[in-house]
Amino acid sequence: MTGSTQVPYLLRAARGEVLDRPPVWMMRQAGRYMKIYRDLRDKYPSFRERSETVDLAVEISLQPWRAFRPDGVILFSDILTPLPGIGIPFDIIESRGPIIDPPIRTQAQVDALHELDPEQHLSFVGKILRTLRQEVGNEAAVLGFVGAPWTLAAYSIEGKGSKDYTIIKSMAFTEPAILHQFLSKLADAIATYVCYQIENGAQVVQMFDSWAGHLSPQDYDQFALPYQQQVVRQVKAKYPDTPMILYINGSAGLLERMAQSGVDIVSVDWTVDMAEARRRLGPTVGVQGNIDPCALFGSQAFIRDRILDTIRKAGNQGHILNLGHGILPGTPEENAAFFFETAKQADKLLAIA
């Protein structure tokens, strides 16, 4: 299965081919559950240093590739990475998460933002992606990723993580014009950033609208969906053949709306049954997911049963096997290994089962 001419297996699934087994990767597969990563983190405690130094980010991206040979190798980065490039500085503090100070709260601050020039502000991302493509060849697909406008706006306006999103929602409900302008500027920057990732080797790009699951359907339709569409429209105008995935945490109530974004694949969390997700999304939209990350704390028999159940429900076309969110710190590495091994033998196991 090696060689420079083959199409990576994950790309074949994303394009809707009928396959013997689904391709498999994990959100946050490069990260805290791996001892090799924790050792590197101890040596380089700054997240931004780890994610913005080419050699370090490449090494971290490749750790799970060397250990498990997933079908997708994702860029080690953060959804906030492009923000300084438009004029929003941030820091990531271990155990506290991202901090944006001062947060974006006024029309003047929105007016002061500028367009993104990826080559100037994010050239390290281009170098990381080009190196990953060289390292994995066509044995795996290289995935890029970005944050969606609503979620990046939420971080920027709240100034940090939030449980109830009162500040951005207050702005949405009292000063919607400012927020819409901000969201549109973010959408343009994100579209530029996606195109830059594709130009530097990303073969699939996943957009995370992690916090859009906290919106009511009517507010999603106003503040999240149009700006997801703005990103997808601009990217597809330039790169119509590059598959895009949309992920939202807590999205069971929003699945149909997610499909309206124009992406090729909807990444489903574990709060909806995969067979039901398939029915609701229809035959033209691919699916990714959707095993509960906590399942990897179960026995191997339990993990195997969950994998096979999910694959049966998803069918053999347009499905990428993944967790319903990122793999959790503390997950036994041998269970992560078993997850990948089982997924790669799924066609044989399903024939036996």
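Buried here means under 20% relative accessible area, a cut-off worth keeping in mind for the views below, which show a predicted model.

**View 1. Cys 195 and Cys 294, two cysteines in a structure with 0 disulfides.** Let's start with Cys 195: its relative accessibility is 6%, so this residue counts as buried. Cys 294, at 44% relative accessibility, counts as partly exposed. A disulfide is a covalent bond between the sulfur atoms of two cysteines. A search of the whole structure finds 0 of them.

**View 2. Phe 145 meets Phe 208 edge-to-face.** The search for aromatic pairs across the whole structure returns 10. In the one shown here, the ring centres of Phe 145 and Phe 208 are 5.6 Å apart and the planes make an angle of 80 degrees, so the pair is edge-to-face. Phe 145 belongs to strand β4 (residues 141-147) and Phe 208 to strand β5 (residues 204-208), so the pair ties together parts that are 63 residues apart in sequence. Both Phe 145 and Phe 208 are buried.

**View 3. Phe 208 also pairs with Tyr 247.** Stay with Phe 208 and look to its other partner: the centres of the Phe 208 and Tyr 247 rings lie 5.9 Å apart with planes at 65 degrees, so this pair is edge-to-face. Tyr 247 sits in strand β6 (residues 244-247) and Phe 208 in strand β5, so the pair ties together parts that are 39 residues apart in sequence. The relative accessible area is 12% for Phe 208 and 0% for Tyr 247, so each residue is buried.

**View 4. A cluster of rings, and two arginines over rings.** Tyr 33, Phe 68, Phe 339 and Phe 340 are linked into a cluster by ring pairs. Arginines join in elsewhere: Arg 48 lies over the face of Phe 90, 4.3 Å from the ring centre. Likewise, Arg 69 places its charged end over the ring of Trp 65, at 4.1 Å from the centre.

**View 5. Leu 321 in strand β9 and its contacts.** Leu 321 is part of strand β9, which covers residues 319-323. With a relative accessible area of 0%, Leu 321 is buried. Setting aside neighbours within four places in sequence, Leu 321 touches residues including Pro 22, Pro 23, Val 24 and Trp 25. Its contacts also include Gly 289, Ile 291, Ile 307, Thr 310 and Ile 311, as well as Phe 339 and Ala 343. For a sense of scale, the C-alpha atom of Leu 321 is separated by 34 Å from that of Lys 169, 152 residues away along the chain.

Notes. Residues numbered from 1 in each chain as written. Predicted model: local features only at pLDDT ≥ 70, side-chain atom pairs only at ≥ 80, totals over all residues. Heavy atoms only, no water. Phe/Tyr/Trp six-rings, centres within 6.5 Å; stacked < 30°, edge-to-face > 60°. Helix = DSSP H or I, 4+ residues; strand = E, 2+ residues; numbered from the N terminus. Buried < 20%, exposed > 50% of the residue type's maximum accessible area, 1.4 Å probe, protein only. Lys NZ or Arg CZ within 6 Å of the ring centre and 35° of its normal. Disulfide = S-S within 2.5 Å. Contact = heavy atoms within 4.5 Å.
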